[in-house]
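Hi there,

I am passing a structure on to you, and I would be glad if you could open it and read the notes underneath alongside it.

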Amino acid sequence: MNQLPNLINECLINTKHVENAAIINFKLATVVAASSRFNMQMPQIQKFIEAFKRTPHTRQEGLYFQDRNYTCVRADKHSIYGKCLQHIMKTCIQVCVLKQLKS
């Protein structure tokens, strides 16, 4: 049984601070686990992977996701933070995408 979906729900979604989350395998460009009703398609996954490969470009241009433009506040090889409450975090083999609830 894959425990990552349970981890996403118990540690992120249940906090009521995060609306949706997904963990992406960086090398395979696949979703390993995601919260319910959060379906990421291959073009979206590729955008996140490219955002980490081209952080100077990401800092300058921002990120477009789910019909919204996100202004990049910070981008390096470990994390990308956007102004529209979008937070992306990368580890060596995985990318975790968190969409925070509006406050």
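Before the notes begin, one term is needed: a polar contact here is a pair of N or O atoms within 3.5 Å, where, within protein, one must be able to donate a hydrogen and the other to accept it, and residues adjacent in sequence count only if both atoms are side-chain atoms. Please also keep in mind that this is a predicted model.

That term comes up at Q44, a residue of helix α2. The side chain of Q44 reaches the backbone nitrogen of Q41 at 2.9 Å, and that distance falls within the 3.5 Å cut-off. Is Q44 buried or exposed? Q44 counts as buried, because its relative accessibility is 18% and the limit for buried is under 20%. Once its neighbours within four places in sequence are left aside, Q44 is in contact with N39, F65 and Q66.

Now for the overall layout. The chain has 3 helices and 8 strands, and along the sequence they follow the pattern α-β-β-α-α-β-β-β-β-β-β. Of its 103 residues, 40% count as buried. Among the contacts in the chain with a separation of 6 or more, 41% are accounted for by residues 24 or more positions apart.

Next, the interior. In soluble globular proteins, nonpolar side chains tend to be buried together. Here the largest nonpolar core has 17 residues, and those with the most contacts inside it are M40, I45, F65 and I80. At least two residues of this core come from each of β1 (18–25), α2 (42–53), β3 (63–65) and β5 (72–75). Which of the elements gives the most to this core? That is α2, with 5 residues. There is also a second, separate core of 6 residues, with I8, I13, V18 and A21 among them. F65 therefore appears twice in these notes, as one of the residues with the most contacts inside the largest core and as a contact of Q44.

T58 is worth a look too. T58 sits in helix α3 (residues 55–61) and is buried, at 4% relative accessibility. Beyond its neighbours within four places in sequence, T58 is in contact with A51, C72, A75 and I80.

Two of those contacts, A75 and I80, lead on to a pair of strands. β5 and strand β6 (residues 79–82) pair in the antiparallel sense over 3 bridges, and the two form a hairpin with 3 residues between them. Across this pairing, A75 stands opposite I80 in β6, while R74 stands opposite Y81 in β6.

R74 has another partner as well. Side chains of opposite charge can pair when their charged atoms come close. How many salt bridges does the structure hold? The structure holds 1 salt bridge, in which the side chains of D76 and R74 meet (2.5 Å, N to O). R74 itself is partly exposed, with a relative accessible area of 44%.

On the cysteines, a disulfide is a covalent bond between the sulfur atoms of two cysteines. The count of disulfides in this model comes to 0. C11 is partly exposed at 47% relative accessibility, whereas C72 is buried, with a relative accessible area of 13%. C72 is also one of the contacts of T58.

Finally, here are two backbone details that you may like to check by eye. A29 has a positive phi of about 55° although it is not a glycine. A29 lies in the loop between β1 and β2 (30–34), and is buried with a relative accessible area of 11%. R37, also a residue other than glycine, has a positive phi near 65°. The place of R37 is the loop between β2 and α2. Is R37 buried or exposed? R37 is exposed, with a relative accessible area of 75%, because that value lies over the 50% limit.

Best wishes, and happy browsing!

Key: Residues are numbered from 1 along each chain as its sequence is written. This is a predicted model: local features need pLDDT of at least 70, side-chain atom pairs count only at pLDDT 80 or more; totals for chains, interfaces and linings use all residues. Side-chain values use heavy atoms; hydrogens and water are left out. A nonpolar core is a set of buried Ala, Val, Leu, Ile, Met, Phe, Trp, Tyr and Cys residues joined through side-chain atoms within 4.5 Å. Buried means under 20% relative accessible area, exposed over 50%, partly exposed in between (1.4 Å probe, protein chains only). Helices (H or I, at least four residues) and strands (E, at least two) are DSSP runs, numbered from the N terminus. Two strands pair if DSSP finds at least two bridges between them. A salt bridge is a side-chain nitrogen of Lys or Arg within 4 Å of a carboxyl oxygen of Asp or Glu. Contact means heavy atoms within 4.5 Å. A disulfide is a pair of cysteine sulfur atoms within 2.5 Å.
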